[in-house]
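Dear colleague,

I am handing over the structure we spoke about, and you will find the sequence and the coordinates just below. My notes on what turned up in it follow after that.

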Amino acid sequence: MQIIINEQETAVLPGETILETARRIGYEIPSLCYSKADKHKSSCMVCAVKNKQNGQIIPSCTTLPTPGMEIETESEEIRLIRSLSLELLLSDHKADCEAPCSMVCPAGLDIEMMLRYYDNQRYPEAYHLIQLAFSLPEIACDTCKVPCEKACRRGAVDKAVSIRAIIKTVLEQKAIITDSENEKAELLPVQKIPFNSRLGRFTEKEKHYLKENIKSESRCLHCACAGESKCKLRRYAANAKIKRPRYEATSVFPAMHKEHITGNLWFEQAKCIRCGLCVYNTDNGFTFKDRGFGMQIIIPAENKKQINESIAGICPTGALYCVNH
Ligand code: SF4
Ligand code: SF4
Ligand code: SF4
Ligand code: FES
């Protein structure tokens, strides 16, 4: 069968969806709830294309080509629909891509990661991050007005993390630090993506939860998204030039609630777009609960041991991720 994609006659291979045909001949179409090798169902609409034959906007990831179809994959109208779909997903997304402290540090120190190392007594790695940001680490922060502590989210819970004091404590660990020069190469700063999902204010319930549950040495909430490096939602939002979604975050799910699943695998409900990929692709693992705005993904306790860490790779956001520190 032949169809037309962007005014180009194209042969369709057996079983291919519109998205697969278009990608095969070189057109880029974004997708979140689609995964080629896995079971999937349309829900996000970021893969929207137009069938010019009848004027319909359709999800290209699940729609099979039919004779005479005339598909358009790029236009102002399509960009708007994709952008709106992303904004709607983000309106239900209560999370920080980046930690507020790191965002305001004039030296560009990855404070959240440094505190993560500090909390795990990995002082050499914490020190090397400080070295990357300051040419003279010994006097780091001495003349700074510490905007990081003013931006710190822990301040809204009880008292901001003492970031400058912790930096000084790390710098005092000289004996451990000088033994670990080889680890430096792994710690190059990552490139930042322009779009940032912002958490907004904590509810009283969330504050209570965080106060009772986050009692690590630094008391840092580790605001930065641990699944950020693989998050397609953030990348597409940046590509669509979304700065702030037009709609306020209305998620009914608690912010920063991190559920341990198994091994290094974690789940955060407030970052889940309910695409269902984890549900359709695990046997007796993840499952849907409720409907409408309150619909959520749950993992019954008895199912957790059957879940493989590799499922994190299928999740298009930072809702499911692995950490090994
Ligand atoms: S899941 Fe993606 S969009 Fe959400 S906070 Fe993490 S990186 Fe940002
Ligand atoms: S809680 Fe931790 S990561 Fe969040 S702003 Fe404060 S120091 Fe930064
Ligand atoms: S946790 Fe599951 S349902 Fe939620 S975004 Fe990830 S794959 Fe989709
Ligand atoms: S990727 Fe097609 S509807 Fe989500």
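To begin with ligand 3, 14 residues surround it, and those that come nearest are C272, C275, L277, C278 and C315. Sorted by class, this shell holds eleven nonpolar residues, two polar ones and one charged one. Please keep in mind as you look at these contacts that the model is a predicted one.

Around ligand 2 there are 15 residues, of which A99, C101, C152, C220 and C223 come nearest. The shell of ligand 2 is made up of eleven nonpolar, one polar and three charged residues. Two helices, α3 (100–104) and α4 (111–119), each supply at least two residues to the shell around ligand 2, and the largest share, three residues, comes from α4.

As for the overall layout, the domain assignment of the protein chain gives domain 1 (2–74) and domain 2 (96–224), and the centres of these two domains, taken over C-alpha atoms, are separated by 44 Å.

The largest nonpolar core counts 84 residues, and the members that touch the most others are I111, M114, A126, I130 and V170. Both domain 1 (2–74) and domain 2 (96–224) give residues to this core, so it lies between them. If residues up to four places away in sequence are left aside, V170 touches Y118, Y123, A126, Y127 and I130. As general background, nonpolar side chains in soluble globular proteins tend to be buried together.

With best regards

Terms used. Residues are numbered from 1 along each chain as its sequence is written. Chains are lettered from A and ligands numbered from 1 in the order in which they are written. This is a predicted model: local features need pLDDT of at least 70, side-chain atom pairs count only at pLDDT 80 or more; totals for chains, interfaces and linings use all residues. A residue is near a molecule or strand if its C-beta atom, placed from the backbone, lies within 6 Å of it. Ala, Val, Leu, Ile, Met, Phe, Trp, Tyr, Cys and Pro count as nonpolar, Asp, Glu, Lys and Arg as charged, and the others, Gly among them, as polar. Helices (H or I, at least four residues) and strands (E, at least two) are DSSP runs, numbered from the N terminus. A nonpolar core is a set of buried Ala, Val, Leu, Ile, Met, Phe, Trp, Tyr and Cys residues joined through C-beta atoms within 7 Å. A residue is buried if 20 or more other C-beta atoms lie within 10 Å of its own, exposed if 12 or fewer, and partly exposed in between; C-beta atoms are placed from the backbone. Domain bounds come from an automatic or database domain assignment. Two residues are in contact if their C-beta atoms, placed from the backbone, lie within 7 Å.
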